[in-house]
Amino acid sequence: MMLSLCIIFVCTILSSGSAEYIKKVEDFVKSGHTNNWAVLVDTSRFWFNYRHVANVLSIYRSVKRLGIPDSQIILMIADDMACNPRNPSPATVYNNANQFINVYGDDVEVDYRGYEVTVENFVRLLTGRLPPGTPRSKQLLTDEGSNILVYLTGHGGDGFLKFQDSEEITSQEMADALEQMWQKQRYHELFFMIDTCQAASMYERFYSPNILAVASSLVGEDSLSHHVDPAIGVYIIDRYTYYALEFLERVNASSDKTIGEFLTVCPKRLCISTVGVRRDLFKRDPYKVPVTDFFGSVRPVELLQDIENETQEITYEKQVTLSTKSKYRFVPQLENFSVLSK
Amino acid sequence: MKAILLLSIIGCINCVDSLSDTFTEELFLKPLYSKQIYAHLHFSTKWDTDYVIESFRHTHLFPRALGEIIERHNVQELHLSLTAGLWRYETWGYPIVDAAPGAELWAWFKPDTQDVDKNWKELASSLSGLICASLNFIDVPNSISPEYSFRPSGVVNQPFVNSSFLRYSALPREIVCIENLTPWKKLLPCESRKGLASLLNSLRIYNTRYHSVAIHLRPVCRDAECELTSLEVQQSVALVYDYGILGTRNWSIRQLFGQGLFGSCPLAKSSTVYVDITSNSSSPFLLIPDPDEYVTSKRGAYTSTFAKYDINGDIDHISATYIGKQNVLINSPPPLHANQYLTGYGQERGGIVIKLYNNHWESLDVVVLQSLPWYVPIYLHTLKIQSNGKQLKPLVLKYIPGKLRKRPYYLELVLRLPPQSTTSISVDFEHVFLKWTEYPPDASHGFYIGSTIISSMLNVARNFTALPQDGLTIADSFNASRSGYLVQVRTEVMVITLPTPDFSMPYNVICLACTVVALAFGPLHNITTKRLILKPQSDEKLLVRIKNKILRVIKGDTNSKSSDDSTAATSEK
C-alpha cells in the first residue's frame with residue numbers, strides 16, 4: 001500500500017514535471033514560426049500622397065526596430081518623397097508636424113521603388129514567380145515557417161486598391177495570391193494590414209487559412225488623414241497608421257503586448273472610420289499572440305540533438321594561385337584623331 | 001559543426017593570404033568659383049589578385065558582394081554612378097569623377113563572354129538589388145556599345161579593343177536618396193562606423209547643389225612590369241555645397257557634414273584630408289588647425305597648392321575663415337564645356353541642339369556621343385554642325401538607327417573644334433505614339449533624354465582635378481603631368497512631352513455609347529413594335545371636357561382615360 005502510494009506520488013511528480021517541461025517548450029515555440037518577414041507597400045505616386053509614404057515608413061521603422069533585418073523586409077515605395085525637390089528638409093520623412101520621428105531614418109533600404117511598384121511585381125513577389133536574375137533583396141524567400149506581415153497603403157475603393165494611379169489590384173486577385181502562397185507553403189501565419197479608403201473590402205474575399213486581417217475602415221467608409229504640416233503643405237500621415245505607430249513605439253522586442261491590443265489601437269473617436277478586423281481564418285486568439293510574432297523577429301535557432309564531437313586533423317597547403325602571366329597594358333583613354341585630317 | 005570549423009580555418013588562411021590589399025580614404029575640399037565648395041570623398045581599395053581566376057569566395061577589404069556579382073557576370077570593368085543635380089562645368093571646372101544626372105552604368109565584359117546582352121541585363125538587375133536603384137530597367141533596348149567615347153580605363157591584354165564587349169546605359173530619371181547611400185556605405189571596410197565615411201550624414205549631404213555616388217572597378221597593373229594584375233575599386237561621393245544654403249562662406253567640417261571627424265578607419269593605410277588652397281592668393285582664408293603639410297602640385301603647366309591633414313586621433317575639426325575684403329573674382333571657364341537644349345514646338349516634331357564651347361587657343365578633337373531612346377527617332381539628314389557660323393564636317397560619323405522597342409538611336413561624332421569657337425550640333429526628331437500600356441503612370445510628366453557625353457584629351461590641366469589613368473588615390477593626381485588629360489563633359493538631361501492619350505477615354509466612350517444606344521433604342525422599339533392609330537379629334541369645348549372628367553372621377557371610372565387624346569397611340573397586342 002505504502003509502496004504503491006509512493007509510486008503514484010512519484011508518478012504524479014514526474015508527470016507534472018514533464019507536463020511543466022512540455023508546457024515550457026510549448027511556450028517557447030507556441031507560435032510555431034521560425035522566421036519573420038514583412039512586405040510593406042506604398043502604392044501611391046505624387047507629392048500630395050506624401051502621407052502614404054509616411055505610413056509605410058512608420059511600419060518599416062517599427063519592424064526594423066523590433067528586429068526584422070533589412071534582408072527580410074521588402075519595402076515598395078512608389079515615389080520619392082524624402083529627396084523630392086519639394087521637400088523643405090531633404091532626406092527626411094516625418095510622421096508629425098512637430099518632427100518627432102524621422103521615419104525615413106539614416107539607413108533605409110528600398111527594394112522596389114518608382115515605376116517598379118506595379119500590381120504584377122507585387123503579385124510576383126508574393127507568389128515567388130520572379131524572372132531569373134532577380135536579386136535576393138527583391139525576393140520574398142519565405143517558407144512554411146514564416147510569419148509574414150503584409151502592409152498596404154494607398155488609395156482604394158470597394159474591392160480594389162489603386163497602384164500608382166494607373167492600375168489596380170482587386171480583392172479577388174489579392175485573395176488568390178494569398179491562396180497560392182498558402183498552397184506553395186510560403187507562409188505559416190500572415191498578418192494583413194491595410195490603410196486605405198473602404199479597406200475592409202480588400203480582405204473580404206480571403207479564403208486561405210491562418211490569416212489575420214485588419215483594415216483602417218469598413219466598406220463605405222473613408223480612411224482619413226491625421227494632420228497637415230504647413231511647412232510641407234500636405235497631409236503627412238493617415239489616422240490609422242499614426243495611432244498604430246504610437247502603439248508600436250511603446251513596444252520593444254521583449255514586451256508582452258498582444259495583437260489583440262494592437263487591433264484596438266484606433267477606436268472610432270480617433271480614427272473617425274471604423275477599424276475592421278477579420279479573425280475567422282486565424283486559429284489563435286489574438287489576445288494570446290504577442291505583437292512581436294509579426295512585428296518582431298525570431299532569431300534563427302536550431303536545436304541539435306545527438307551531437308557527437310568529432311575531431312579531425314585537417315592539414316592545408318597554402319593555396320598557390322596560378323596567376324596567368326601575360327603582358328597587360330593601359331590603352332589610351334581616347335583614340336588619337338590627329339592622324340585624321342579634314 | 002565540421003563545416004564551421006572548416007570555414008574558420010579557411011577564413012584564417014585567407015586572412016593571412018589576403019593581406020595583399022590596401023585601403024585608402026581621402027577627403028578633398030575645394031572652394032569653387034563664386035558661391036560653392038566641392039567636397040569629394042574618395043575610398044580606394046586595391047587587391048593584388050588575378051581578376052581572371054579570382055573566385056571571390058574570401059575577401060578582406062574588397063567588397064565581397066560586388067566581387068560575387070562581377071565574377072558571376074564575367075565583368076572586367078564596372079562603372080556605376082548615381083547623381084542628383086548637374087555639374088556646372090563652366091563655373092566649377094572639371095570634377096574628379098564625371099557623372100551624368102540620374103544613373104549611369106557601363107561595363108566591359110571579359111573577352112570570353114558568350115552572351116554579352118544576357119550578362120549585361122543580369123548584371124544591371126543584380127546591381128539594382130545591391131544598390132537599391134531601379135537599374136533593372138536597363139535592358140538591350142536602351143543600351144549601346146559606343147566605339148570611341150569609352151575605352152577600358154583599366155589594363156587589357158588583347159591587342160585590340162573590341163567595343164562589342166562594352167555596354168553603356170543611362171537612366172536620367174533615376175532618383176538618388178539615402179537608400180542608395182546605405183548599401184554603398186556597406187561596401188566599405190569600415191562601413192560608416194569609423195573613418196571619413198562616418199561624415200556622410202544624410203541630413204546634410206542631400207541639402208546640396210549636386211551629389212553623386214559612384215563605384216568604379218577595374219583591373220590595374222600590380223607592378224611596373226605589368227605582367228600581373230590587381231583589382232581596384234574606387235568608391236566616391238561628390239558633393240557641392242552652396243554657401244547660400246550653408247548660410248556662411250566660412251565653412252568647417254562640422255558645418256558641411258553636421259559632425260566632426262571621429263578618427264580614421266583602422267583598416268585604412270592612410271586617411272587624409274586635402275584642402276585646395278590655390279584660390280587663397282585671390283580670396284584668402286585661414287585654416288584652423290594648421291595643416292600638417294603643404295603640397296604643391298605642378299600638373300600640365302598649372303600649379304596648385306594643397307593643405308594636407310593626416311587624420312588620426314587628435315584632429316577632429318577643420319575650419320576655414322575668410323579674411324580680408326571679399327574680392328570679386330573673374331571666372332575662367334575650362335577649355336571645353338557644353339550645353340544641350342530642345343527646340344521646336346507642338347506634338348509632332350522637335351529638335352535637339354548641342355552646343356560645344358572651345359575656350360582653348362588650339363583646336364580640339366572631341367567625341368560627341370548621344371543615344372536617344374527608340375521612341376525619339378532622329379533624322380540624320382537634318383544633322384547640322386556649325387562652328388562660328390561656318391559649316392563643320394565631322395571627322396568620323398557613326399550612326400546606328402534605332403528600332404522600335406529593340407534598339408536605341410546611337411550617334412557618335414568626332415569633331416575638330418576650331419580654336420575659340422562655339423559649335424552647335426542640331427538634329428531633328430519626331431514624336432511617336434506609344435502603345436497605351438507603355439506609358440508610365442505619370443505620362444504627362446514627360447520622357448527623359450539622357451546627357452550627351454563629350455570626350456576630349458586636353459593638353460592643359462586648367463581646372464582639372466581628375467585622377468590620371470594609372471592613379472588610384474587623390475594623392476596620385478599630384479604632379480601627375482601626362483601628355484593628355486581626359487575630360488568627359490556631360491550635358492543637361494532633357495524632358496520631352498510625347499503625345500499622351502487621354503487614359504479615361506475608353507471609359508468615356510463606353511458611357512457615351514451606352515447613352516446614345518439607350519436613347520435610340522426606346523423610340524426605335526416603339527416604332528417597330530407598336531402600331532400607330534389615328535383617332536379623330538373630338539370637338540368638345542374645354543368646359544365640357546373638364547365637366548366630363550370630373551364626372552368620370554366621381555363615378556370612379558378611369559378606364560377610358562385616353563379617350564380624350566386625339567392622336568395618342570394605343571398598343572395592341
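**Notebook: cysteines, a helix pair and Thr49(B)**

I started at Cys177(B), which is buried at 0% relative accessibility (buried is under 20% relative accessible area, exposed over 50%, partly exposed in between, with a 1.4 Å probe and protein chains only). Note to self: this is a predicted model, where local features need pLDDT of at least 70 and side-chain atom pairs count only at pLDDT 80 or more, while totals for chains, interfaces and linings use all residues. Residues are numbered from 1 along each chain as its sequence is written, chains are lettered from A and ligands numbered from 1 in the order in which they are written, and side-chain values use heavy atoms, with hydrogens and water left out.

**Disulfides**

I searched the whole structure and got 4 disulfides over all chains (a disulfide is a pair of cysteine sulfur atoms within 2.5 Å).

What does Cys177(B) pair with? I found a disulfide to Cys83(A), with the sulfur atoms 2.0 Å apart. The link is right-handed, with 75 degrees about the S-S bond. This pair crosses between chains: Cys83(A) is in the loop between β2 (73–77) and β3 (112–113) of chain A, and Cys177(B) is in the loop between β6 (166–171) and α5 of chain B. (Helices, H or I with at least four residues, and strands, E with at least two, are DSSP runs numbered from the N terminus.) Cys83(A) also counts as buried, at 18%.

Next I looked at Cys190(B) and Cys265(B), joined by a disulfide with S to S 1.8 Å. Its torsion is about 65 degrees, so this one is right-handed. Cys190(B) sits in the loop between α5 and α6 (202–205), and Cys265(B) in the loop between α8 (253–257) and β9 (270–276), so the pair ties together parts of chain B that are 75 residues apart in sequence. I have Cys190(B) as buried at 11% and Cys265(B) as buried at 1%.

Cys221(B) and Cys226(B) form a disulfide too, sulfurs 1.9 Å apart. That link is left-handed, at -70 degrees, and both cysteines are buried.

I then checked two cysteines outside any disulfide. For Cys132(B), the nearest cysteine sulfur is that of Cys177(B), 11 Å away; Cys132(B) is buried at 3%. For Cys511(B), the nearest is that of Cys514(B), 7.0 Å away; Cys511(B) is partly exposed at 35%.

**Helices**

I went on to α5(B), residues 178–185: 8 of the 8 residues are buried, so this helix is largely enclosed by the rest of the structure. Among the buried ones I noted Trp184(B), Glu179(B) and Lys185(B).

In chain A, I checked α3 (119–127) against α4 (171–183): their axes come within 8 Å and cross at roughly 25 degrees (axes are lines fitted to C-alpha atoms, for helices over the stretch in contact, and angles run from 0 to 180 degrees between N-to-C directions). That makes the two roughly parallel (under 35 degrees; over 145 is roughly antiparallel, 65 to 115 roughly perpendicular, the rest oblique). The contact includes Phe122(A) and Leu126(A) from α3(A) and Met174(A) and Leu178(A) from α4(A) (contact means heavy atoms within 4.5 Å).

**Thr49(B)**

Last, I looked up Thr49(B), in the loop between β2 (36–47) and α2 (64–72) of chain B. Thr49(B) is buried at 8%. Leaving aside neighbours within four places in sequence, Thr49(B) is in contact with Glu54(B), Arg222(B), Thr229(B), Ser230(B) and Leu231(B). The C-alpha atoms of Thr49(B) and Pro219(B) are separated by 9.3 Å, though their places lie 170 residues apart along the chain.
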